[in-house]
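Trainee: I would like a close look at a single part of this protein. Please take one strand and go through its surroundings.

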Amino acid sequence: MSKAHTELYYHLVWSTKYREPFIRPEIQGPLYTFIGHKCKQCGYGLHGVNGTEDHIHIVLDFGPTISVAQAVANLKGSSSRFCNRVFAGNPTLRWQTGYAALTISSRDLSRVVNYVKNQKARHRVDRPNLTLEAVDEPESTQRRRWEREPRNGSTPSRKVSEETDRGRA
């Protein structure tokens with residue numbers, strides 16, 4: 001086979017440094033438009049971009065020769081340079097050093113894109129998905145917090161949380 005066929009979709013999330021509320025409404029539109037242009041320039045397929053004042057969600061796909069780390073570095077670096085040039089009178093946009101990257105099946109792509117598109121509403125009225133929103137916390141803290149939080153009105157198993165705290169899960 002001379003060409004590779006891949007169907008890999010990624011949900012990327014990262015925060016502003018120290019969760020500073022830099023991405024105000026007047027910045028969001030130009031920032032998201034820029035990210036769309038950058039994705040096109042890099043050959044990434046952008047399916048959705050949105051966020052809140054302190055973090056961003058991006059759903060995209062890209063070819064097998066590009067690593068997730070490369071795509072994230074391209075988007076984080078170019079978007080912060082863009083914002084700091086265009087919105088020079090504002091505080092400097094700096095992204096956190098880490099990020100979350102989750103793969104998405106083609107079956108779940110539209111559901112995740114809708115999740116991303118509805119970020120602002122979700123943060124206003126609903127509890128967001130803690131796994132995706134806690135990207136700047138150490139993994140063990142994320143896991144313990146997620147397991148203790150009720151989901152869909154249910155209560156988590158105390159045993160699961162206790163075992164995780166002791167390193168058994």
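How many bridges join strand E1 to E3, and do they run parallel or antiparallel?

Mentor: Keep in mind that this is a predicted model. Seven bridges join E1 to E3, and the two strands run antiparallel. E1 covers residues 9-15. For a fixed point in that pairing, take Ser-15: it stands opposite His-55 in E3.

Now the other partner. Strand E2, residues 45-52, also pairs with E3. The sense is antiparallel, over seven bridges. Here Leu-46 is a useful marker, with Leu-60 as its bridge partner in E3. E2 and E3 form a hairpin, and two residues lie between them.

So E3 has E1 as one pairing partner and E2 as another. Next comes burial, where buried means under 20% relative accessible area. E3 spans residues 55-61, and six of its seven residues are buried. The strand is therefore largely enclosed by the rest of the structure. One general point belongs here: in a regular strand, side chains alternate between the two faces of the sheet.

Set this against the whole protein. Buried residues make up 38% of its 169 residues. The protein has seven helices and four strands. From the N terminus on, the order is β-α-β-β-α-β-α-α-α-α-α. Among contacts with a separation of 6 or more, 66% come from residues 24 or more positions apart. The accessible surface comes to about 9900 Å², and carbon and sulfur atoms hold 49% of it.

Methods. Residues are numbered from 1 along each chain as its sequence is written. This is a predicted model: local features need pLDDT of at least 70, side-chain atom pairs count only at pLDDT 80 or more; totals for chains, interfaces and linings use all residues. Side-chain values use heavy atoms; hydrogens and water are left out. Buried means under 20% relative accessible area, exposed over 50%, partly exposed in between (1.4 Å probe, protein chains only). Two strands pair if DSSP finds at least two bridges between them. Contact means heavy atoms within 4.5 Å. Accessible areas come from the Shrake-Rupley method with a 1.4 Å probe; for residues, only the protein chains shown count as cover.
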